[in-house]
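Colleague: I should be grateful for a close look at one part of the structure shown here, followed by a connected account of its other parts.

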Amino acid sequence: MKKLFYLLAVCLLLGRGAAAQAPGRERLLMDFDWRFAYGHAFDPQLDFNHGTGSFSYYAKTGYGDGAAAPGFDDRSWRQLDLPHDWAVEVGFSPKASLSHGFKAIGRPFPESSVGWYRKSFKVPATDLGRRLALEFDGVFRNSQVWINGHHLGTEPSGYNGFQYDISDYLNYGGDNVVAVRVDATMEEGWFYEGAGIYRHVWLSKTAPVHVAYNGTFVSTAPAGAGAAVTARTTLVNDGSTAQTVEVTQEIVDASGKTVASSPAQRVSLRALARQELSTTVALPQARLWSLDDPYRYQLRTRVKQGGQVADRYDTMFGVRTVRFDANQGFFLNGQRVALHGTNNHQDHAGVGAALPDALQDFRIRTLKAMGVNAYRCSHNPPTPELLEACDRLGMLVLDEVRLLGSSALHLADARRLMERDRNHPSVIAWSMGNEEWSVEGNETGARLAAAAQRHAKTLDSTRAVTVAISGGWGNGISTVVDVMGYNYIVHGSTDAQHAKFPNQAGMGTEEGATHATRGIYQVAPGQSYAVAYDRKGLGSTLQEGWQHYAARPYLAGMFIWTGFDYRGEPSPFQWPANVSSFGMLDLCGFPKDNAYYLRAWWGTEPILHLLPHWNWPGREGQPVEVVAYGNCDEVELYLNKKSLGRQPMPRNGHLSWQVPYTPGTLEAVGYRAGQKTLTDVVRTTGPATALALAADRTTLSANRQDVSVVTVRLQDKNQLLMPTAGNDVSFALSGPGKIIGVGNGDPTSLEADKFLETIQTVRISKLEERPAENLAPENLTASVGTWAPAYSTRPPDVMPTAPQPKAYVYRGSFEVPALDPAATVTFFYRSLGPEQALYLNGQPLARNLAVSNKADSFVLDKKVLKVGRNELMVMATPFVKKHSWESFNTDPGLLQIVTPAAAWHRKAFNGLAQVLVQTTGASGTLTLTATAPGLKPATLKLTADKAR
C-alpha cells in the first residue's frame with residue numbers, strides 16, 4: 001500500500017481532481033509495479049487459456065478466467081511501471097502497417113497485438129463504506145478490465161478516459177488484483193498510436209456523497225479589475241439513503257491564499273441521485289491567464305455533512321476570455337492574437353506514445369521556443385498532462401474528438417472529452433472532426449456537424465466549435481460550423497468561403513505539410529530522405545502558407561502540419577521509412593531548418609540562421625543553395641570573408657544565394673536600420689573526435705517518473721557539431737536512475753528505441769504420476785506402481801470415492817535452449833500437495849516443502865540444467881477435498897529464463913542523438929557516460945532530489 005501513496009503530492013501539483021488530505025477523498029497514482037505479458041489475438045492457449053472456462057465472465061459474475069482470474073500466477077511476467085507502450089518495443093516489419101510506422105503489431109501479428117497487465121494492491125479495512133474507483137486516462141486499445149475476477153467493462157477507444165466503480169468487488173483489509181487485457185489488433189487512426197496502458201491509472205476514494213467524476217465546470221467573466229466566476233458542480237449520492245449536505249466554494253490563488261468564497265448551499269439528495277449546483281463568486285482582483293502570464297486559480301469545493309468535510313474537490317482554472325471574430329480573427333482577453341499553431345501527434349523518440357509527464361513539458365517548451373503559441377491535438381483527445389503543461393506554460397489548445405458523429409456513442413465520447421477538459425484555460429475551441437472526406441461536402445456531413453455542434457453547446461457555450469475540412473468548401477460541413485477549419489489552401493479559396501459566409505470565423509487547421517529531413521540537403525538515389533529546404537509537400541510551402549494567413553485579418557492564424565515528426569505516415573516514402581518528415585522538429589525535438597523560419601516570423605527575438613552545413617567534399621566549385629532565415633532588414637553573405645552580396649529580407653520570407661562550394665567559413669551578417677545586429681556562421685568541420693552531453697534539466701525529482709532529456713553531440717576538435725556524423729554511441733548510467741529510451745531523429749532508422757531484458761517461459765510437459773508410500777528419496781527410483789498421466793484416474797474436480805495413496809511421485813520434462821552466460825533461470829513452483837519435495841535432473845531442489853498459497857520460486861543452478869531435455873520430479877502428499885466445490889492446483893509451474901538487455905546504444909544521425917533518463921525513486925547522483933570507438937567519451941552528472 002505504501003507505493004500507492006508514493007506520488008500523492010503529484011496529484012496536488014497536477015491540479016487534477018481533489019486534494020488528498022481531505023477526509024473523504026483521496027486520489028492515488030497506480031502506475032507502479034505492474035506485471036505484463038503478451039497474450040494472443042485468437043489462440044486461447046497462447047492467451048493464457050482466457051475465455052475457455054466452463055462459465056465465462058459474461059455468463060456469471062466473478063468468473064474471469066486465465067490471466068483475468070485473481071489466483072493466476074503472474075510471477076514470470078515482466079515487471080514494469082506505467083505509462084507503457086509495447087508497440088515501441090517490438091521490431092519492424094515490411095509486412096506491417098505503413099501508417100503505424102511498420103511496427104510489428106496489427107492483424108498479421110497476433111502474437112504481439114494483445115497484451116495483459118496485472119497489479120496486486122491492498123485496500124485498508126477502514127475504506128469499507130467509501131466509494132472506490134479505478135480511473136484510466138487512456139489505454140490503447142479495446143481494453144477489458146477485471147477486479148478480483150469480476151469483469152468491469154470494455155472501452156473500445158484508445159483515447160477516452162474511463163472510470164469503473166469497484167467498491168462492491170473489493171477485499172477490504174486484504175489483497176486485490178486488477179487485470180487488463182488490451183487488444184491493439186485494429187488501428188483507430190492512420191498514424192502511430194502505440195499499444196498498452198500508455199497513460200496514467202488512478203485509484204480514487206470518496207465518501208458516498210461527493211463531487212462527480214469530472215464534476216465541475218468553471219467559467220469566468222472578467223469585468224474591470226475583477227471577475228465573476230461561475231462554478232457548476234455536480235453532486236452524487238452513491239449511498240442508500242437520502243442525505244443533506246452543505247456545499248461551499250472558495251477561490252484560492254497561486255500562493256494558496258483564499259481570495260473569494262460563496263455562502264454555503266444546503267442540498268438534499270435522494271439515494272443514488274445526482275444534482276448540479278450553480279454558484280457565482282465575485283473575484284475582486286483578477287489576474288488574467290495569458291500566453292506570457294499563465295496564471296491560474298483553484299476552485300475549492302467543500303461538501304460538509306454533519307459539520308464534517310465529506311469531500312473536497314479542487315479545480316484549476318484561469319480567468320480569461322476567448323472569442324473568434326469573422327473579420328478580425330482570434331481574441332484572447334480582448335486582444336487580437338494570431339494563432340501560430342502546430343498540429344501534433346502524441347509520440348516521441350524512445351518511448352512511443354507512453355510519454356512521462358516531464359516529456360510533455362519538454363515538448364511544449366520546445367514549441368514555444370520556436371514561436372508557437374497554439375497546439376492542435378491531432379486527431380484525438382490528448383492525455384490530461386498535456387493540457388496541464390499547456391495551462392502552466394502558456395499554450396493555446398485546439399482540443400479534438402477522435403471521430404465526427406451524432407450517434408449516442410459519438411456524442412458520449414465527445415461529452416467525456418469536454419467534461420474532462422473544459423476547465424483548462426488553454427483550451428480555446430472544440431474540434432469535432434478532421435477531414436471526414438465521405439461527408440465533408442454533402443448534406444449528411446452538414447447534419448452530423450450541426451448535431452455535434454449543438455451537443456457541444458449544451459456542455460460548453462463559452463467556446464467555439466470547428467471541424468477541419470480539406471475539401472468541399474462552401475458546402476456540407478463548412479456551411480454549419482462556428483469556425484471554418486481550413487486544411488490546406490490548395491483545396492480552395494478562403495476568400496470565396498469568407499465572402500459566401502461573412503459571419504463565419506476561420507482559421508487554418510492544417511497548412512504547410514512540407515517534407516524535410518533534419519540535416520539533409522542533397523538526396524542520393526534510393527534514399528528515403530527529403531531535403532531540408534522549404535519545398536512543397538502535400539500542400540503549399542511553409543512560407544506560402546504563412547504568407548497567405550498573415551495577409552488576411554479575417555483568418556485567425558494557422559496550425560502547421562506538423563510541430564514534431566511522428567512515427568508512421570512516412571509519405572511520400574515507403575519501407576524502410578517509418579517516420580513522417582512533416583515536422584518542424586524531428587522525432588527527438590531537434591529543430592530542422594524550417595523551425596528557424598518560424599522563429600523569425602513567429603518569435604519575438606532577433607534571429608538569423610544559415611543553411612546548409614558547409615561540409616561538401618567532392619563538390620568543390622559546384623553551386624550550393626544557401627538560405628538565410630531571419631527577421632533582419634537586410635542580410636549580407638560572406639564566404640571566407642568575401643562578400644557575396646547584401647539583400648533586403650522580405651517580410652515573412654527568406655533569402656537565398658547560389659554559392660560555389662569552397663571549404664571554409666560561410667557567414668551571414670544581419671542589419672537593422674543600417675546597423676549590424678546579428679551574425680550566423682557555418683564552418684567546414686573536421687572529422688568527429690569527441691562526444692558531448694547536455695541535459696534540458698540536471699536536477700530532477702526522485703519520484704520514479706521525472707525525466708531528463710539528454711542531447712548527444714558529435715564534435716570535431718574545435719567543438720563544432722560534425723553535421724554528417726553517424727557513429728554508433730553506447731550509453732551507461734549509474735546511480736538512482738535508468739535509461740528509458742534513445743533516438744536520433746532518422747526517419748529511416750530501424751534501430752531499437754529500447755534495450756530490454758528478454759523473458760522466455762518454459763512449461764513442464766508430459767506430467768505423469770505414480771503412487772508412493774512416503775516422501776523418502778528412495779521413492780524416486782522405487783518401482784512401485786506404473787506411471788500414468790497425472791490426475792487421469794483422479795480428476796481434481798471430483799470427490800475421491802476410495803482411499804488415496806499416502807503420496808504421489810510426479811514426473812515431467814522441459815526443454816532448455818542454449819543459454820546466455822549471464823542468463824538466470826527461475827523455477828516458479830506451484831504446490832501439488834500439502835507436503836512435497838522437488839528434484840531437478842536427480843538433484844534435490846527442495847525438501848520438506850510446505851504448501852504455499854503464494855507459491856515458491858527457485859533460482860536454478862545452470863550447472864544442473866542441461867541444454868535440451870530436463871526432468872523434474874515432485875513427491876507430494878495428496879490434497880484431499882472436504883467440499884465438492886473445492887479445486888486444487890494441478891500445474892507444477894513454469895521456468896522463466898531472463899537474458900539481460902544489451903547495452904544501450906544508438907547511431908547518431910547528422911551529428912545528434914538523444915537519451916531519456918528517468919529517476920528510480922532514491923536521491924543521489926546519476927552519472928551518464930557516452931562512448932564510441934575512436935571518440936573522446938563524455939560524462940554528464942544529474943541530481944535526483946526527493947525534496948523536489
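Colleague: Which residues does D565 touch, not counting residues up to four places away in sequence?

Modeller: D565 touches V579, S580, S581, F582, G583, L585, D586, L587 and K592, with residues up to four places away in sequence left out; contact here means heavy atoms within 4.5 Å. This is a predicted model, in which local features need pLDDT of at least 70 and side-chain atom pairs count only at pLDDT 80 or more, while totals for chains, interfaces and linings use all residues. Residues are numbered from 1 along each chain as its sequence is written, and side-chain values use heavy atoms, with hydrogens and water left out.

D565 is placed in the loop between β29 (555-561) and α8; helices (H or I, at least four residues) and strands (E, at least two) are DSSP runs, numbered from the N terminus. D565 counts as buried because its relative accessibility is 3%, buried being under 20% relative accessible area, exposed over 50% and partly exposed in between (1.4 Å probe, protein chains only). The side chains of D565 and K592 are joined by a polar contact of 2.9 Å. A polar contact is a pair of N or O atoms within 3.5 Å; within protein, one must be able to donate a hydrogen and the other to accept it, and residues adjacent in sequence count only if both atoms are side-chain atoms. In addition, a polar atom of the D565 side chain lies 3.4 Å from the backbone nitrogen of F582.

Two of the residues that D565 touches, V579 and L587, reappear in the account of the cavities. The whole structure contains 3 cavities of 30 Å³ or more. On a 1 Å grid over the protein atoms alone, a cavity is a set of points where a 1.4 Å probe fits but cannot get out, and a pocket is an open set with protein on both sides within 12 Å along at least five of seven lines; lining residues have an atom within 4 Å of a point. Grid points are joined across faces, edges and corners, and a volume is the space filled by probe spheres set on the points. The largest cavity holds about 110 Å³ of space. It is lined by 14 residues, of which N578, V579, L587, D746 and R906 are the closest to its centre. Its lining has 4 nonpolar, 5 polar and 5 charged residues, where Ala, Val, Leu, Ile, Met, Phe, Trp, Tyr, Cys and Pro count as nonpolar, Asp, Glu, Lys and Arg as charged, and the others, Gly among them, as polar.

The second largest pocket has a volume of about 1000 Å³. Its lining comprises 37 residues, with P591, Y596, H609, R713 and L721 nearest its centre. By class, 20 are nonpolar, 9 polar and 8 charged. Elements that each supply at least two residues of this lining include α8 (594-602) and β30 (608-611).

H100 offers another buried site, in the loop between β3 (78-80) and β4 (114-123). It counts as buried at 5% relative accessibility, and its side chain makes a polar contact of 2.7 Å with that of E193. Beyond its neighbours within four places in sequence, H100 is in contact with residues including W190, E193 and G568.

Finally, strand β46 (residues 824-829) is largely enclosed by the rest of the structure, because 5 of its 6 residues are buried. β46 pairs in the antiparallel sense with β51 (residues 893-899) over 6 bridges and with β49 (residues 856-859) over 4 bridges; two strands pair if DSSP finds at least two bridges between them. T824 has V898 as its bridge partner in β51, while F828 stands opposite S857 in β49.
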